[in-house]
Amino acid sequence: MSDLAAPYRRTGRLDGACLCGGTRIRVDGDYVAAVGVCHCRKCRVWSGTITGYFLAKPEAVHVEGPTKTYASTPFASRTFCEVCGTNLWLRNNKDDAEYELMPALFPAADSFPVISEIYCDRAPAYGQLKGDHKRATQAQYEANNPFVEGDTP
Ligand SMILES: [Zn+2]
Ligand SMILES: [Zn+2]
């Protein structure tokens, strides 16, 4: 969603925390004040419901607390709080990859709009989103992204 994200690029500070409060995330730097929703199987099973993320530059993200990381594919991993299980972020395994942070951890992100929805043809009945944001089906998304999460177990 990089092109779509351009108008929503911001520089500033956001504070977030997991459910138990043991893991704290401070974004201090460049981030995107908008959410991209993904309905792929991995994202939905991981969160337990529909899932969206906002981007932040790696140098802007500061984390304190007991986290654990699960390699959900050979090229990306998902990190959660080891104590309470709150999902924290998804990230590609590249040093310069942006964090894809879970917006609900950050009160300030409550105002972020949805700007993209991928795997929209896989959205469950309980996750139908309104609005005229950009949508891509599984086939459309995977055609444009050679390394994707995929929608197979
Ligand atoms: Zn926690
Ligand atoms: Zn996904």
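The following questions and answers walk through a predicted model of one protein chain with two zinc ions.

Visitor: At which residues does UniProt place the feature "domain: CENP-V/GFA", and what percentage of the chain over those residues is strand?
Guide: The unreviewed UniProt entry places this feature at residues 14-132. Over residues 14-132 the end C-alpha atoms are 27 Å apart, and the secondary structure there comprises 6% helix and, for strand, 45%.

Visitor: Which protein atoms are donors of the zinc ion (ligand 1), and what is their arrangement?
Guide: The protein donors are the SG atoms of Cys18, Cys20, Cys81 and Cys84, lying 2.3 to 2.4 Å from the zinc ion (ligand 1), and along the chain they follow the spacing C-x1-C-x60-C-x2-C. Ideal angles for four tetrahedral donors at a metal are 109.5 degrees. Around the zinc ion (ligand 1) the four donor atoms subtend angles of 100 to 115°, and therefore the arrangement is tetrahedral.

Visitor: Of Cys18 and Cys20, which is buried and which is partly exposed?
Guide: Both residues donate through SG to the zinc ion (ligand 1). Buried means under 20% relative accessible area, and Cys18, with 8%, is therefore buried. Cys20 has a relative accessibility of 40%, so the partly exposed residue is Cys20.

Visitor: Which residues coordinate the zinc ion (ligand 2), and what spacing do they follow along the chain?
Guide: The zinc ion (ligand 2) is coordinated at 2.2 to 2.4 Å by the SG atoms of Cys38, Cys40 and Cys43. Among these donors, Cys38 is buried with a relative accessible area of 7%, and Cys43 is buried with 1%. Along the chain the donors of the zinc ion (ligand 2) follow the spacing C-x1-C-x2-C.

Visitor: How many residues has the largest nonpolar core, and which have the most contacts inside it?
Guide: In soluble globular proteins, nonpolar side chains tend to be buried together. The largest nonpolar core here has 32 residues, and the elements that each supply at least two of them include β2 (24-32), α2 (41-47) and β8 (87-92). Apart from this core lies another, of five residues, among them Ala5 and Ile115. Inside the largest core, the residues with the most contacts are Ile25, Val27, Tyr31, Leu101, Phe106 and Phe112.

Visitor: In which helix is Arg44 found, and which backbone oxygen lies 3.3 Å from a polar atom of its side chain?
Guide: Arg44 is found in helix α2. Leaving aside neighbours within four places in sequence, Arg44 is in contact with residues including His39, Thr51, Arg122 and Tyr126. The backbone oxygen that lies 3.3 Å from a polar atom of the Arg44 side chain is that of Arg122.

Visitor: What is the phi of Tyr119, and is this residue buried or exposed?
Guide: Most residues other than glycine have a negative phi. Tyr119, in the loop between β10 (114-118) and β11 (134-136), has a positive phi of about 60° although it is not a glycine. With a relative accessible area of 0%, Tyr119 is buried.

Visitor: What separates the C-alpha atoms of Leu4 and Tyr119?
Guide: Leu4 lies in helix α1 (residues 2-5) and is partly exposed, with a relative accessible area of 32%. Not counting residues up to four places away in sequence, Leu4 touches Ile115, Ser116 and Lys134. Leu4 and Tyr119 are 115 residues apart along the chain, and their C-alpha atoms are separated by 17 Å.

Definitions and conventions
Residues are numbered from 1 along each chain as its sequence is written. Chains are lettered from A and ligands numbered from 1 in the order in which they are written. This is a predicted model: local features need pLDDT of at least 70, side-chain atom pairs count only at pLDDT 80 or more; totals for chains, interfaces and linings use all residues. Side-chain values use heavy atoms; hydrogens and water are left out. UniProt positions are given in the numbering used here, feature names are shortened, and annotations may be inferred rather than shown by experiment. Helices (H or I, at least four residues) and strands (E, at least two) are DSSP runs, numbered from the N terminus. A nonpolar core is a set of buried Ala, Val, Leu, Ile, Met, Phe, Trp, Tyr and Cys residues joined through side-chain atoms within 4.5 Å. Buried means under 20% relative accessible area, exposed over 50%, partly exposed in between (1.4 Å probe, protein chains only). Donors are N, O and S atoms within 2.8 Å of the metal (3.2 Å for Na, K and Ca); water is not among the atoms, so sites may look incomplete. Four donors count as tetrahedral if all angles lie between 85 and 135 degrees; four count as square planar and six as octahedral if opposite donors are over 155 degrees apart and all others between 65 and 115; anything else is irregular. A polar contact is a pair of N or O atoms within 3.5 Å; within protein, one must be able to donate a hydrogen and the other to accept it, and residues adjacent in sequence count only if both atoms are side-chain atoms. Contact means heavy atoms within 4.5 Å.
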